[in-house]
Amino acid sequence: GFGALAAKVEEFTRACLPAGIAGACGWLLLIAPPVGLLWWWQSAAPASVALITSVLVFYLCVGGRSLAEHARAIAEPLARGHLPAARKELSMIVSR
């Protein structure tokens, strides 16, 4: 995934560049292209498509699967009437 790619880019930039700029160059290599592409897409797409894209990107950025897992972990104790357990699970999502 992205973490493995970031580790490879970090290894490459640290081997080829001075320490002071290796991190910035790695960030630019990984983050600037998708952000630039998204900016272009959002400015060229119709408003409804741009809105759908924004929602999708937001969902992916906040970790949709992780949020769904946390929500299920809260819903299960609530369904059984165990409010303290649900509160404990809720504290896990709030601390993210």
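## H2 and H3

In this predicted model, helices H2 and H3 run roughly antiparallel to each other. Their axes cross at roughly 150°. Angles over 145 degrees count as roughly antiparallel, so the label follows. The two axes come within 8 Å. H3 covers residues 47-61, and H2 covers residues 19-44. The crossing of this pair is left-handed.

## H1 and H2

H2 also packs with helix H1, which spans residues 2-16. Here the angle is about 140°. The axes lie 9 Å apart. H1 and H2 are therefore oblique to each other. The cut-off decides the matter: roughly antiparallel requires an angle over 145 degrees.

What is the handedness of the crossing where H1 passes H2? It is right-handed. The H2 and H3 crossing, by contrast, is left-handed.

## Salt bridge in H1

How many salt bridges does the count come to? The count is one. Glu-10 and Arg-14 form a salt bridge through their side chains, with an N to O distance of 2.9 Å. The cut-off for such a pair is 4 Å, so 2.9 Å qualifies.

Both residues sit in helix H1, four residues apart. That spacing puts about one helical turn between Glu-10 and Arg-14. Are these side chains buried or exposed? Arg-14 is exposed, at 58% relative accessible area. Glu-10 is partly exposed, at 39% relative accessibility. Exposed needs over 50%, so Arg-14 passes and Glu-10 does not.

## Nonpolar patch

Leu-37, Leu-38, Trp-39, Trp-40 and Trp-41 make a nonpolar patch on the surface. Its area is about 590 Å².

Trp-39, one of the patch residues, belongs to helix H2. Its relative accessible area is 61%. That value is over 50%, so Trp-39 counts as exposed. H2 thus carries Trp-39 and also packs with H1 and with H3.

## Glu-69 in H4

Helix H4 spans residues 64-80 and includes Glu-69. Glu-69 is partly exposed, with a relative accessible area of 39%. The value falls between the 20% and 50% cut-offs, so neither buried nor exposed applies.

Which C-alpha separation links Glu-69 to Ile-93? The distance is 9.7 Å. Along the chain, Glu-69 and Ile-93 are 24 residues apart.

Terms used: Residues numbered from 1 in each chain as written. Predicted model: local features only at pLDDT ≥ 70, side-chain atom pairs only at ≥ 80, totals over all residues. Heavy atoms only, no water. Patch = residues over 30% accessible without salt bridge, like charges linked within 9 Å, V, L, I, M, F, W, Y side chains within 5 Å. Areas by Shrake-Rupley, 256 points an atom, 1.4 Å probe, with all protein chains shown as cover. Helix = DSSP H or I, 4+ residues; strand = E, 2+ residues; numbered from the N terminus. Buried < 20%, exposed > 50% of the residue type's maximum accessible area, 1.4 Å probe, protein only. Axes fitted to C-alpha atoms, helices over the stretch in contact; angles between N-to-C directions. Parallel < 35°, antiparallel > 145°, perpendicular 65-115°, else oblique. Left-handed = near helix turned anticlockwise from the far one by under 90°.
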